[in-house]
Amino acid sequence: MALIELEDIHISYPGQPAILAGAALQLLPGQRLSLTGPNGSGKSTLLRVILGLQAPQRGTIRAFGQPRTQETDFHEVRRRIGLVFQDADDQLFCPTVAEDIAFGPLNLGKSKSEALEIVDRLLSDLRLAHLRDRITHKLSGGEKRLVTLATVLAMEPEVLLLDEPTNALDVKNEARLIEILQGLPQAILLVSHSAAFRAQITSAEVEIREGLVRPVGP
Ligand SMILES: Nc1ncnc2c1ncn2[C@@H]1O[C@H](COP(=O)(O)OP(=O)(O)OP(=O)(O)O)[C@@H](O)[C@H]1O
């Protein structure tokens, strides 16, 4: 059973050529797939469609074997699929790093002490313990990216959608991110402009071309 299955997805905006015109995509358990394509081809759009953050004009979305159509169908999807947004500022909104990471687990009904245990375990695993009590909006861009990943992992998702996760990372932190992602068990759908990074994280690649998801090639 596919974790994610999109079929015949159509998205267009008035007065513009269609962004997606029949796109289909499958992510299988354990699979690590890169989604590439030129700027504006619809990569981020497709990630939003998977989570029900943007409704296609046509097409079907299945996640974990179930069709997802209504907003309420996507609540479970968003709990089980974690998205690291392209812009960390869209994702961090609590005063401190620890509160930001605890937010998801608390929302899922964990107790305060369970949530704090998750915070400390993740900060230690990601070697970010020094950032624990820092003010989130004063972090550097690269620190924000890693904290964003921690906030997503805190929800223990089964699938990770990563949109340009190396944005704002220096060479050392990019290497750390590669090490972290290689050590995770989740299936991954990755959008990244860095071919070197994609090669380290994923084993297969598809691209959006003329509104369709196609195998990479001429
Ligand atoms: N609300 C909107 N109204 C009109 N056009 C939009 C809207 N939202 C997105 N678009 C357009 O849809 C297209 C696809 O955007 P998307 O962010 O999915 O591309 P992308 O492949 O992720 O690009 P990039 O590589 O630059 O991040 C872009 O041309 C964008 O301008």
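# Notebook: sheet, helices and one loop residue

I began with strand 9 (residues 204-209) and strand 10, which run antiparallel and are joined by four bridges. I looked up one pair there: Ile 208 has Val 213 in strand 10 as its bridge partner. I note that the model is a predicted one.

**Entry: the sheet**

I followed the strands outward and found an open sheet of six strands in the order 6-7-8-3-9-10, with mixed pairing. Its edges are strand 6 (81-84) and strand 10 (212-215), each of which pairs on one side only. I also looked up the turn between neighbouring strands of this sheet, which is 20 degrees on average, direction ignored.

I then went to strand 3. Strand 3 (residues 32-36) pairs with strand 8 (residues 187-191) in the parallel sense, over three bridges. Strand 3 also pairs with strand 9 in the parallel sense, here over four bridges. I picked Ser 34 to see both pairings: its bridge partner in strand 8 is Leu 190, and in strand 9 it stands opposite Glu 205.

**Entry: the whole chain**

I counted elements next: the protein chain has seven helices and ten strands. I asked what radius of gyration a compact globule of 218 residues would have. The rule gives a value near 17 Å, and the protein chain has 17 Å, which agrees. The C-alpha atoms fill a box of roughly 45 × 40 × 35 Å along the principal axes. Of the 218 residues, 35% count as buried. Among contacts with a separation of 6 or more, 66% come from residues 24 or more positions apart.

**Entry: helix 4**

I checked the length of helix 4 (residues 112-125). At 1.5 Å a residue, its 14 residues should span 20 Å, and the end C-alpha atoms are 20 Å apart, which agrees.

Which residues of helix 4 are buried? I found Ala 115, Ile 118, Val 119, Leu 122 and Leu 123. They cover an arc of only 125 degrees around the axis, and therefore lie on the same side of helix 4. What covers these buried residues includes helix 3 (97-107) and helix 5 (141-153). On the face turned away from the buried side I found the exposed residues Ser 113, Arg 121 and Ser 124. Just after helix 4, Arg 127 takes a positive phi of about 55 degrees.

**Entry: helix 1**

I repeated the search on helix 1 (residues 43-50), where the buried residues are Lys 43, Leu 46, Leu 47, Val 49 and Ile 50. Seen down the axis of helix 1, these fall within an arc of 160 degrees, so they line one face of the helix. I noted Gly 52 after helix 1, with a positive phi near 75 degrees.

**Entry: Leu 169**

Last, I looked at a loop residue. Leu 169 lies between strand 7 (159-163) and helix 6 (171-182). Why does Leu 169 count as partly exposed? It has 19 C-beta neighbours inside 10 Å, and a residue needs 20 or more to be buried.

I listed the contacts of Leu 169, leaving aside neighbours within four places in sequence: Gly 142, Arg 145, Glu 174 and Leu 177. I also took the C-alpha to C-alpha distance from Leu 169 to Ser 140, which is 9.6 Å, with their positions 29 residues apart in sequence counted as their separation.

Key:
Residues are numbered from 1 along each chain as its sequence is written. This is a predicted model: local features need pLDDT of at least 70, side-chain atom pairs count only at pLDDT 80 or more; totals for chains, interfaces and linings use all residues. Helices (H or I, at least four residues) and strands (E, at least two) are DSSP runs, numbered from the N terminus. The expected span of a helix is 1.5 Å times one less than its number of residues. A residue is buried if 20 or more other C-beta atoms lie within 10 Å of its own, exposed if 12 or fewer, and partly exposed in between; C-beta atoms are placed from the backbone. The arc is that of the directions from the helix axis to the C-beta atoms. Two residues are in contact if their C-beta atoms, placed from the backbone, lie within 7 Å. Two strands pair if DSSP finds at least two bridges between them. Axes are lines fitted to C-alpha atoms, for helices over the stretch in contact, and angles run from 0 to 180 degrees between N-to-C directions. The radius of gyration is taken over C-alpha atoms; the globule rule is 2.2 Å times the number of residues to the power 0.38.
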